[in-house]
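Work through the exercises below with the structure in view. Try each task before you read its solution.

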Amino acid sequence: MSGEKAKVVSRRFLIKLIGGGAALFGLSKLPSALAQVSGQAIQPMPGFTGPDANPYWGAIGSFVIYPQKLPLIQLTDRPVQLETPRHYFLTPFTPNAAFYVRWHLEGIPNAVNLSEWRLLVEGHVEKTLALTMSDLMKRFKSVSIAAVNQCSGNSRSRFQPRVPGAQWGNGAMGNALFTGVRLKDLLDVAGVKTGSVQVQFEGLEKGRGLKESVSYRYLKSLSLNDPVINETIVAYEMNGEPLPMLNGFPVRLVVPGKFSTYWTKALTWIRVLDKPDTNFWMTKTYCVPDTPRGNTTPKDVKEGRVSMVPVGIMPVRSFIITPDGSGKIPLEMPVTVRGIAFSGYGRVIKVEFSADDGTRWSNAMLGEDYGRYSFRTWKIIWVPKHTGKYVLAVRATDEKGNIQTDEGVWNPKGYLWNKIERQEVMVDVSQ
Ligand SMILES: Nc1nc2c(c(=O)[nH]1)N[C@H]1C(S)=C(S)[C@@H](COP(=O)(O)O)O[C@H]1N2
Ligand SMILES: [Mo]
């Protein structure tokens, strides 16, 4: 085989291996001349019909099994970054064993001895606290809240032009019922001194970097006058179970409505600050352009015209979970299209479905309401009336009037993605 032909074969082979992902590299339509190999005509390739068919919903990666976890999609192993596969989003609560995982530093805790562990409340306070798990459970009122934990970089792989960072599909999110104590109650007992401005949170893990370098500690802070301070909880239970190690055992911060960068896992130090936190994790990363939708352009960034602010509340999103395009749909068969929706700005009040790529919309039926910070399931029965390709689409509206659009968002770190989601399906009389 000549070099030229060999190249063609391997490229086609590669495209087949990665399925519909070819579109990702702009190679979806090969010139027909390339379909000739060794003088033989090649049949057009059938569409990819894997469990996560075109367009990719989840990240591209292999399944791995970690302690206390079901097989999840691996993005990186040091630090551990694992994505939840699509079908776990058919239920409003994401099982702990399927919940996605994201750490920044390598040295994550893999065991915690609760007889030694203490939660410290320190810094600019009247009285430093060192609380045991039993103190948390007995001395403070317990509260529960259903809340969506979503990585700021969820769906980053959609960005064009591409941006560096974990190439998440849509599964860097999950919803759980968290139970714990109010942060406010802990602060009240410690007594926040006047002149305090922020509260800083630190977990048990350590990085490999030199002590005090950015890659040694992951530090995040919330402003004391952010209303979310009153809703934030220190959670010791997730879906009625202890937290999995990888999701922050023994306790984690839950900051309802905000991206998960603030949801410190294995939380051990709560530090009241009298000066704003200017550490790397607050000012150099997890920042978005200070524009209405956090949108900008590579050109504006390059020319230094963009001022950045810490990422905050999660914009409204909705997803189609099934059908997933992996099989054909028989003509005229009523199909229940299902999915989830959420918004950090307020309750989801409307989910609309389109079977014609977003031209006409109908209201979907909303599932049970577990509170304004939870996933809300939705469903609609759809009867395909002709054969061929359909493009399904879904969009949600929250109580503040925020609605998803077809405009993408671009920013240098790949945060805040919330474009209308679509799913191609084939309707046919045969499978
Ligand atoms: N201690 C600690 N907490 C952390 C992080 C971390 O690196 N260390 N990462 C944050 C980020 S950016 C995300 S997206 C979430 C992920 O939460 P999960 O692993 O429970 O899904 O944890 C947050 N809390
Ligand atoms: Mo994240």
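## Exercises with worked solutions

Glutamate 332 sits in the loop between S20 and strand S21 (335-342). The model is predicted, and this loop is where we begin.

**Exercise 1. Is glutamate 332 buried or exposed, and what is its phi?**

Step 1. Take the accessibility. Glutamate 332 has a relative accessibility of 51%. Exposed means over 50%, so glutamate 332 counts as exposed.

Step 2. Take the backbone. Phi of glutamate 332 is near 65°, a positive value in a residue that is not glycine.

Step 3. Look at another such residue. Asparagine 239 also is not a glycine, and its phi is positive, about 50°. Asparagine 239 lies in the loop between S13 and S14. Its relative accessible area is 22%, so asparagine 239 is partly exposed.

**Exercise 2. Find which peptide bonds lead into proline 79 and proline 323, and say where each proline lies.**

Step 1. Start with proline 79. The bond from arginine 78 to proline 79 is cis, and omega is near 0°. Proline 79 is in the loop between strand S4 (72-76) and strand S5 (81-83).

Step 2. Go on to proline 323. Threonine 322 and proline 323 are joined by a cis peptide bond, with omega about 0°. Proline 323 belongs to the loop between strand S19 (317-322) and strand S20 (329-330).

**Exercise 3. Describe the surroundings of ligand 1.**

Step 1. Count the neighbours. Ligand 1 is surrounded by 19 residues, and the closest are Tyr100, His104, Glu205, Arg252 and Lys265.

Step 2. List polar atom pairs. An N or O atom in the side chain of glutamate 205 is 2.6 Å from a nitrogen atom of ligand 1. A polar backbone atom of tryptophan 263 is 3.0 Å from a nitrogen atom of ligand 1. An oxygen atom of ligand 1 lies 2.8 Å from a polar side-chain atom of asparagine 247.

Step 3. Follow asparagine 247. Asparagine 247 is in the loop between strand S14 (241-242) and strand S15 (252-254). Its relative accessibility is 1%, so asparagine 247 counts as buried. Leaving aside neighbours within four places in sequence, asparagine 247 contacts residues including Lys69, Asn96, Tyr100, Arg252 and Lys265.

**Exercise 4. Locate the largest nonpolar core and explain why it lies between two domains.**

Step 1. Find the members. The largest nonpolar core has 74 residues. Leu119, Leu136, Phe178, Leu186, Val234 and Ile270 touch the most other members.

Step 2. Find the main contributor. Strand S13 (residues 233-238) gives the largest share of this core, five residues.

Step 3. Compare with the domains. Domain 1 (4-36 + 52-285) and domain 2 (317-428) both give residues to this core, so it lies between them.

Step 4. Check one member. Isoleucine 270 touches residues including Leu119, Leu186, Phe201 and Val234, not counting residues up to four places away in sequence.

Step 5. Look elsewhere. Another core, of 20 residues, lies apart from the largest one; Val348, Phe353, Ile380 and Ala396 are among its members.

**Exercise 5. How many disulfides does the structure contain, and are cysteine 151 and cysteine 287 buried or exposed?**

Step 1. Recall the bond. A disulfide is a covalent bond between the sulfur atoms of two cysteines.

Step 2. Search. The whole structure holds zero disulfides.

Step 3. Check accessibility. Buried means under 20%. Cysteine 151 has a relative accessible area of 7%, so cysteine 151 is buried. Cysteine 287, at 5% relative accessibility, also counts as buried.

Technical notes:
Residues are numbered from 1 along each chain as its sequence is written. Chains are lettered from A and ligands numbered from 1 in the order in which they are written. This is a predicted model: local features need pLDDT of at least 70, side-chain atom pairs count only at pLDDT 80 or more; totals for chains, interfaces and linings use all residues. Side-chain values use heavy atoms; hydrogens and water are left out. A disulfide is a pair of cysteine sulfur atoms within 2.5 Å. Buried means under 20% relative accessible area, exposed over 50%, partly exposed in between (1.4 Å probe, protein chains only). A nonpolar core is a set of buried Ala, Val, Leu, Ile, Met, Phe, Trp, Tyr and Cys residues joined through side-chain atoms within 4.5 Å. Helices (H or I, at least four residues) and strands (E, at least two) are DSSP runs, numbered from the N terminus. Domain bounds come from an automatic or database domain assignment. Contact means heavy atoms within 4.5 Å. A residue is near a molecule or strand if one of its heavy atoms lies within 4 Å of it. A polar contact is a pair of N or O atoms within 3.5 Å; within protein, one must be able to donate a hydrogen and the other to accept it, and residues adjacent in sequence count only if both atoms are side-chain atoms.
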